[in-house]
Amino acid sequence: MTTGSSRYQFRNHIYHLHPLQEILDPITTDELARLEITAGQTALEVGAGAGSIARHLCDLVGPTGKVMAVDLDTRLLDPTDVLDVYQRDLRAEPLSVAPGSIDVAAARCVLAHLPNRHALLNQMITALRPGGWLVLGEIVYAPVVAHAPRSADSDLIIHVVHAILDVLSAHGVDLHWGDKTAGVLLGNGFERTRTRWVAQTWTGGSAGCRLFADNAHQLHHKLLREGLSHQDLDRFAELMTDPAVLVRGYQFASTTARKPH
């Protein structure tokens, strides 16, 4: 990976990706169910991570279909007769997918992190067949609400989560990209464009709070530069395991749209 604002801020490891999958997979699989994907179709996932959605797409297209999974780090992706895996640095390398060859293309928590997000989206659009579907999702900025037995702990949770979002934004992540996606697709002539925003409360010890804790751990040194102390971050990690804590989780914007015939 490169350094600077274009660097992806989180590690691609199952320990780090599993909580994200646990939170977001039900949303994405629900979106895919609405599209009536049929056996024999071809699907593409950009930024496949640990592969949970790629494997779900394999189930949807069946043994006569094909799924292409693309990521910078493909160590967690296992090719099969249906699943083809491609290692790409999408900041500098093209998708290399034949135009008009894809029935459904998905990307989740990817485009907002990349400086060439518009160009990559255009590649996905070009890869779609007429009538093909895009399924796109991003974490977007939203105010944080927290409840803990001590008001000081509630304030600390809010401070740390906002600081995480500020660090991501400062390092090139567009935390409003998910809000803008529908407009970009409408500008490209897409039909049946729909965005839904999902945010839920997370209890200490849940997958969501494990995600918060891991994000803070991975961004530890950057958060220190935001004025937080080691003691603050240690206390935040403790609070994320406390079942008496309730926090409004990351807001996720999920957009589906169909390429016109």
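Hi everyone. Rings of Phe, Tyr and Trp (for Trp, its six-membered ring) count as a pair if their centres lie within 6.5 Å; planes under 30 degrees apart are called stacked, over 60 edge-to-face, and the rest tilted. With that rule, a search of the whole structure turns up 3 aromatic pairs.

A quick word on what we are looking at. This is a predicted model, where local features need pLDDT of at least 70, side-chain atom pairs count only at pLDDT 80 or more, and totals for chains, interfaces and linings use all residues. Residues are numbered from 1 along each chain as its sequence is written, and side-chain values use heavy atoms, with hydrogens and water left out.

Back to the rings. W202 and F212 have ring centres 4.9 Å apart and planes at 55°, so this pair is tilted. W202 sits in strand β8 (residues 201-203) and F212 in helix α6 (residues 207-218), 10 residues apart; helices (H or I, at least four residues) and strands (E, at least two) are DSSP runs, numbered from the N terminus.

W202 also pairs with Y250, this time edge-to-face, at 6.0 Å centre to centre and 90° between the planes. Y250 is in the loop between β9 (246-248) and β10 (251-258), so the pair ties W202 in β8 to a part 48 residues away in sequence. Together, W202, F212 and Y250 make one aromatic cluster.

Are these rings buried or exposed? W202 and F212 are buried, and Y250 is buried as well. Buried here means under 20% relative accessible area, exposed over 50%, and partly exposed in between (1.4 Å probe, protein chains only).

Now the sheet. Its 7 strands run in the order β3-β2-β1-β4-β5-β10-β7, open, with mixed pairing; two strands pair if DSSP finds at least two bridges between them. At the edges are β3 (83-87) and β7 (191-198), each pairing on one side only. β7 pairs with β10 in the antiparallel sense over 6 bridges, and the bridge partner of E191 is R258 in β10.

Which strands does helix α3 touch? Helix α3 (residues 117-127) packs on the sheet against β1 (42-46), β4 (102-108) and β5 (128-140), its direction making about 150° with that of β5. Contact means heavy atoms within 4.5 Å; axes are lines fitted to C-alpha atoms, for helices over the stretch in contact, and angles run from 0 to 180 degrees between N-to-C directions. Helix α5 (residues 177-187) packs on the sheet too, touching β5, β7 and β10, at about 160° to β5.

Thanks, everyone!
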